[in-house]
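Hi,

Here is the structure I said I would pass on. Have a look at it first, and then read my notes below.

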Amino acid sequence: MTAAAPAAPAGPSAASRIAVVTGASSGIGAATARQLAAAGYRVVLTARRKDRIEALAEEIAAAGGRATAYALDVTDRAAVDEFATAFQKIGVLVNNAGGALGADPVASGDPEQWRQMYETNVIGTLNVTQALLPALTASGDGTVVVVSSTAGHGTYEGGAGYVAAKHAEHVLAETLRLEIVGTPVRVIEIAPGMVRTEEFALTRFDGDAEKAAKVYAGVAEPLTAEDVAETITWTVTRPSHVNIDLLVVRPRAQASNTKVHREL
């Protein structure tokens with residue numbers, strides 16, 4: 001009598017194939033949503049700019065993917081809690097919303113800019129992670145991704161407000177991983193170095209295109225949003241028992257936050 005063939009392993013649950021991406025209206029968030037959709041996830045796009053995420057959802061659908069747009073300010077806890085009620089189970093949360101404002105030294109930095117950066121990068125990540133952690137746990141195979149920065153791992157002059165916020169975001173991810181070990185949820189931190197997107201430096205310098213361009217002057221190939229999105233997608237799609245605790249990704253021309261090769 002021929003032995004029965006072993007049963008095929010169960011595929012991923014529908015819940016584990018839902019990915020929420022914050023800050024999905026542009027840059028790394030938008031690129032990550034596209035790549036996760038291409039990898040088979042149903043992506044939920046969140047950002048304050050409703051028109052942007054609705055257009056992206058249509059683009060993803062036209063390419064054969066599945067996407068839903070949901071206008072959301074991650075610093076509004078009541079709105080985040082309301083958003084979370086839509087999910088009993090989800091598989092992936094990509095905390096990408098954030099950004100930098102200004103490049104003043106500590107002695108003259110604008111406290112309001114510091115406050116805004118902390119609210120968006122740290123409290124926003126905290127709000128969404130807390131609200132969706134039960135659904136991530138209930139899926140039986142959840143992943144929290146925190147998109148921090150190399151600014152969360154080293155300081156540089158003129159960036160203290162952003163550096164302080166990103167250090168806090170790094171510690172949030174590191175501590176969460178300790179606190180929930182033994183649950184079916186991974187915590188992954190992606191720390192990009194110099195990434196040239198359409199808005200990051202422009203926003204940092206209040207729309208000053210000349211100052212924004214100087215950030216990348218002489219750097220032949222800064223990272224792109226797609227480079228970082230590919231890294232995020234790779235970590236998320238590792239086998240469930242594999243956790244990429246921290247992945248630092250820089251362009252070849254950047255050795256550290258303060259050491260960049262420029263061809264000027």
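**What I found**

The chain has eight helices and seven strands. Its radius of gyration is 19 Å, and the globule rule gives 18 Å for 264 residues, so the chain is as compact as a globular protein of that length. Along the principal axes, the C-alpha atoms fill a box of roughly 75 × 40 × 40 Å. Of the 264 residues, 46% are buried. If you take the contacts with a separation of 6 or more, 71% of them are between residues 24 or more positions apart.

Keep in mind that this is a predicted model. The mean pLDDT is 93, with 94% of the residues at 70 or more. The stretch to watch is residues 1-11, where the pLDDT is below 50 and the model shows zero contacts beyond near neighbours in sequence. Where pLDDT is low, the predicted coordinates should not be read in detail.

**The cores and helix 1**

Which residues touch the most other members of the largest nonpolar core? They are Leu 36, Val 43, Leu 45, Val 94, Val 145, Ile 190 and Ile 232, out of 33 residues in that core. Helix 1 (residues 27-38) is its main contributor, giving six residues. Apart from this core lies another one of 25 residues, including Ala 97, Ala 135, Ile 180 and Val 187.

Helix 1 itself is mostly covered, with nine of its 12 residues buried. Those are Gly 27, Ile 28, Gly 29, Ala 30, Ala 31, Thr 32, Ala 33, Leu 36 and Ala 37. Among the elements that cover them are strand 1 (18-21), strand 2 (42-47), helix 2 (50-62), strand 4 (92-95) and helix 8 (225-236). The geometry of helix 1 checks out too: 12 residues at 1.5 Å a residue should span 16 Å, and the end C-alpha atoms are 17 Å apart, which agrees. After helix 1 comes Gly 40, with a positive phi near 105 degrees.

Val 43, one of the core residues listed above, is a good place to see how this region packs. Leaving aside neighbours within four places in sequence, Val 43 is in contact with Ala 33, Leu 36 and Ala 37, and also with Ala 19, Ile 60, Arg 66, Ala 67 and Thr 68.

**Leu 93 and Thr 129**

Leu 93 lies in strand 4. Its relative accessible area is 0%, so Leu 93 is buried. Not counting neighbours within four places in sequence, its contacts are Val 20, Thr 22, Val 128, Thr 129, Leu 132, Leu 136, Thr 143, Val 144 and Val 145. For a distance to check in your viewer, try Leu 93 and Arg 49: they are 44 residues apart along the chain, and their C-alpha atoms are separated by 19 Å.

One of those partners, Thr 129, sits in helix 4 (residues 111-138). Is Thr 129 buried or exposed? The relative accessibility of Thr 129 is 5%, and the cut-off for buried is under 20%, so Thr 129 counts as buried. Its side chain makes a polar contact of 3.0 Å with the side chain of Asn 95. Beyond four places in sequence, Thr 129 touches Leu 93, Asn 95, Val 144 and Leu 176.

**Helix 5 and the loop after helix 8**

Helix 5 (residues 160-179) has 20 residues and reaches 28 Å from first C-alpha to last, close to the expected 28 Å. Its buried residues include Tyr 162, Lys 166, Glu 169, His 170, Leu 176 and Arg 177. What covers the buried part of helix 5 includes strand 4, helix 4, strand 5 (142-147), strand 6 (185-192) and helix 6 (200-204).

What does the side chain of Arg 177 reach? It reaches the backbone oxygen of Asp 245, at 2.8 Å. Away from its neighbours within four places in sequence, Arg 177 is in contact with Val 187, Ile 188, Glu 189, Asn 243 and Asp 245.

Lastly, Val 242 is in the loop between helix 8 and strand 7 (246-249). With a relative accessible area of 24%, Val 242 is partly exposed. Val 242 and Arg 186 are 56 residues apart in sequence, and their C-alpha atoms are 8.4 Å apart in space.

Cheers

Notes: Residues are numbered from 1 along each chain as its sequence is written. This is a predicted model: local features need pLDDT of at least 70, side-chain atom pairs count only at pLDDT 80 or more; totals for chains, interfaces and linings use all residues. Side-chain values use heavy atoms; hydrogens and water are left out. A nonpolar core is a set of buried Ala, Val, Leu, Ile, Met, Phe, Trp, Tyr and Cys residues joined through side-chain atoms within 4.5 Å. Buried means under 20% relative accessible area, exposed over 50%, partly exposed in between (1.4 Å probe, protein chains only). Helices (H or I, at least four residues) and strands (E, at least two) are DSSP runs, numbered from the N terminus. Contact means heavy atoms within 4.5 Å. A polar contact is a pair of N or O atoms within 3.5 Å; within protein, one must be able to donate a hydrogen and the other to accept it, and residues adjacent in sequence count only if both atoms are side-chain atoms. pLDDT is the predictor's confidence in each residue, from 0 to 100. The expected span of a helix is 1.5 Å times one less than its number of residues. The radius of gyration is taken over C-alpha atoms; the globule rule is 2.2 Å times the number of residues to the power 0.38.
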